Amino acid sequence: MLVVARPRSFDETRVLRAARDRFWSSGYAGTSVDEVAAATGLGKGSLYGAFGDKRSLFLRVFEDHSADLVDSVRQALEGPDASASERLKAHVGAVARATGNDITRRGCLVAKGTAELSADDPAVAASAQRTFDAIENLLASCIEAAQRHRDIDPSADPRQLASLLLAVLRGMEALGRAGKSKAGLIDIANTAVGLLPWVAH
């Protein structure tokens, strides 16, 4: 006898977004399954049936959000060599401004989840590492493009510069959550970009 699975009667994207926002606001430990159910409009049984337990749902949300973050960085940094330096400067500045505009100090879900869970949850730690590695690779590729265009010193190590910028970007996020002013974050971004080995034209 052929058993046909019943189609889901809810919008999975909307449910995952609601769950993400709940975890993002309260953290993993601070969010109960009842609160996720209320936020998504689904009963606990439906949540468990569709996504598994609370940890499985969080991992799905965390990995989906991480993929979206990498995609947004890719869109910001990829492009022709001639404009690579401008894209790099714009991206670092955009992160500073977005962090400064976050008046709720909610911060980045990836950074928040990593800080809370990575020491005890290898899956979260591995997902976060993949995300940060991917962002570092995108930064390095953009720096290499700027080097090919002779905007950044071609003798500099693009991987080291990318690692430095990644540390600055993640550090700005942490400082923003601690209350660093938007102007202060923009100063950090401008200083970090200014310290790169630009070629004078």
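A crossing of two helices is left-handed if the near helix is turned anticlockwise from the far one by less than a right angle, and right-handed if clockwise. Helices here are DSSP runs (H or I, at least four residues), numbered from the N terminus. This is a predicted model, in which local features need pLDDT of at least 70 and side-chain atom pairs count only at pLDDT 80 or more, while totals for chains, interfaces and linings use all residues. Residues are numbered from 1 along each chain as its sequence is written, and side-chain values use heavy atoms, with hydrogens and water left out.

**Helix packing**

Two packed helices are described by the angle between their axes and the distance between the axes. Helix 5 (residues 84-101) packs with helix 9 (residues 182-194) at an angle of about 165 degrees, and their axes are 8 Å apart. Helix 5 is therefore roughly antiparallel to helix 9, a label given to angles over 145 degrees. Such axes are lines fitted to C-alpha atoms, for helices over the stretch in contact, and the angles run from 0 to 180 degrees between N-to-C directions. The crossing of helix 5 past helix 9 is right-handed. Among the residues that make the contact (heavy atoms within 4.5 Å) are Val92, Gly93 and Ala96 of helix 5, together with Leu185, Ile186 and Ala189 of helix 9.

**Salt bridges**

Side chains of opposite charge can pair when their charged atoms come close. A salt bridge requires a side-chain nitrogen of Lys or Arg within 4 Å of a carboxyl oxygen of Asp or Glu. The whole structure holds 11 salt bridges, and the table presents three examples.

| Basic residue | Acidic residue | Closest N to O distance |
|---|---|---|
| Arginine 55 | Aspartate 121 | 2.8 Å |
| Arginine 130 | Glutamate 63 | 3.9 Å |
| Arginine 74 | Aspartate 71 | 2.8 Å |

Arginine 55 belongs to helix 4 (residues 54-77), and aspartate 121 to the loop between helix 6 (109-117) and helix 7 (122-148), so this pair ties together parts that are 66 residues apart in sequence. Accessibility is graded as buried (under 20% relative accessible area), exposed (over 50%) or partly exposed in between, with a 1.4 Å probe and protein chains only. Arginine 55 is partly exposed at 35%, whereas aspartate 121 is buried at 10%.

Glutamate 63 is in helix 4 and arginine 130 in helix 7, so their pairing ties together parts 67 residues apart in sequence. Glutamate 63 is partly exposed, at 35% relative accessibility.

Arginine 74 and aspartate 71 both lie in helix 4, three residues apart, about one turn of the helix. Arginine 74 is partly exposed at 31%, and aspartate 71 is partly exposed at 36%. Elsewhere, salt bridges that share partners join Glu12, Arg60 and Asp64 into one network.

**Buried positions and the nonpolar core**

Serine 66 is in helix 4 and is buried, at 3% relative accessibility. Leaving aside neighbours within four places in sequence, serine 66 contacts Val110, Ser127 and Thr131. Serine 127 lies in helix 7 and is likewise buried, at 3%. With the same neighbours set aside, serine 127 contacts Phe62, Glu63 and Ser66.

A nonpolar core is a set of buried Ala, Val, Leu, Ile, Met, Phe, Trp, Tyr and Cys residues joined through side-chain atoms within 4.5 Å. The largest such core has 55 residues, and Leu57 and Leu139 are among those with the most contacts inside it. Helix 7 supplies the largest share of this core, 11 residues. Beyond residues up to four places away in sequence, leucine 57 touches Leu16, Ala19, Phe23, Val36, Leu47 and Phe51.

Note on methods
Helices (H or I, at least four residues) and strands (E, at least two) are DSSP runs, numbered from the N terminus. Angles under 35 degrees count as roughly parallel, over 145 as roughly antiparallel, 65 to 115 as roughly perpendicular and the rest as oblique.
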